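Here is a short set of exercises to work through with the model open beside you. Try each task before you read its solution.

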Amino acid sequence: MKGEGEAGGVMDRHQVRLRVNGTEHELLVEARRTLADMLRHDLGYTGTNVGCEHGICGACTVRLDDAPVRSCLVFGVQADGAEVRTVEGLADGDDLSDLQQAFRDHHAMRVLHAWLPDAGRGIFCRTRARPTCAPARRAAARGG
Ligand code: FES
């Protein structure tokens, strides 16, 4: 689908269907829109953070068909037909997972380049996040 962009140029939009944390979504996405921006701004999954936007910090990591990806480096259209899991997917309804609760309790900034439901493994605290992230990670590994 072609339309006019904000600057008057031609904007190329594509139909994307994907499942995020078990919920089906269908939307029109600009070809250049990153998966991170699509998740945050178009679908409201704001747990996907953006830091460097260069694939270095890992703040934007999500699971795309069970593989961790830097969503700032993936176009939203590449997620067509995919299963995506964001950090919100760790919760059980309104109940936070042990990992989420520990991060909340320790005011930890989620800057990780791989997270796993079984807390403690695959989590890497980077630079400024380390003072709060590491205690939260240990608490989560103990079960809260
Ligand atoms: S925002 Fe830093 S790796 Fe994506």
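**Exercise 1. Describe how β4 and β5 pair, and look at the loop between β4 and β5.**

Step 1: start with the pairing. β4 and strand β5 (residues 67-70) run antiparallel to each other and are joined over four bridges. Strands count as paired if DSSP finds at least two bridges between them.

Step 2: pick out one bridge. L64 has A67 in β5 as its bridge partner.

Step 3: turn to the loop. The hairpin of β4 and β5 has two residues between the strands. D65 lies in this loop, and D66 is found there as well.

Step 4: check the backbone angles. Phi of D65 is near 50°, a positive value in a residue other than glycine. For D66, likewise not a glycine, phi is positive and near 75°.

Step 5: check accessibility. D66 is exposed, at 66% relative accessible area. Here buried means under 20% relative accessible area, exposed over 50%, and partly exposed in between (1.4 Å probe, protein chains only).

A word on the source before going on: this is a predicted model, in which local features need pLDDT of at least 70 and side-chain atom pairs count only at pLDDT 80 or more, while totals for chains, interfaces and linings use all residues. Residues are numbered from 1 along each chain as its sequence is written, and side-chain values use heavy atoms, with hydrogens and water left out.

**Exercise 2. Write down the overall layout of the protein chain.**

Step 1: count the elements. The protein chain has three helices and six strands. These are DSSP runs numbered from the N terminus: helices are H or I with at least four residues, strands are E with at least two.

Step 2: read along the sequence. The pattern is β-β-β-α-β-β-β-α-α.

Step 3: add the totals. Of the 144 residues in the protein chain, 42% are buried. Its accessible surface comes to about 8,100 Å², with 48% belonging to carbon and sulfur atoms; such areas come from the Shrake-Rupley method with a 1.4 Å probe, and for residues only the protein chains shown count as cover.

Step 4: ask how far apart in sequence the contacts reach. Among contacts between residues at least 6 apart in sequence, 44% join residues at least 24 apart. A contact means heavy atoms within 4.5 Å.

**Exercise 3. Find the residues with the most contacts inside the largest nonpolar core, then follow helix α1.**

Step 1: locate the core. It has 17 residues, and L18, L39 and V84 have the most contacts inside it. The elements giving two or more residues to this core are β2 (10-20), β3, α1 and β4 (61-64). A nonpolar core is a set of buried Ala, Val, Leu, Ile, Met, Phe, Trp, Tyr and Cys residues joined through side-chain atoms within 4.5 Å.

Step 2: recall the background. In soluble globular proteins, nonpolar side chains tend to be buried together.

Step 3: look along α1. In this helix (residues 35-42), L35, A36, M38 and L39 are buried.

Step 4: take L39. Beyond its neighbours within four places in sequence, L39 is in contact with residues including V20, Y45, V62 and V84.

Step 5: take L35. Its relative accessible area is 0%, so L35 is buried. The C-alpha atoms of L35 and S71 are separated by 5.1 Å, although these residues are 36 residues apart along the chain.

Step 6: finish just after α1. There, G44 takes a positive phi of about 85°.

**Exercise 4. Which residue forms a salt bridge with E30, and is E30 buried or exposed?**

Step 1: place the residue. E30 is found in strand β3 (residues 23-30).

Step 2: name the partner. E30 forms a salt bridge with R32, the closest N and O atoms being 3.0 Å apart. A salt bridge is a side-chain nitrogen of Lys or Arg within 4 Å of a carboxyl oxygen of Asp or Glu.

Step 3: compare the two ends. E30 is buried, with a relative accessible area of 17%, whereas R32 is exposed, at 65%.

Step 4: try another pair. D42 forms a salt bridge with R33, with closest N and O atoms 2.9 Å apart. D42 is partly exposed at 36% relative accessibility, and R33 is partly exposed at 23%.
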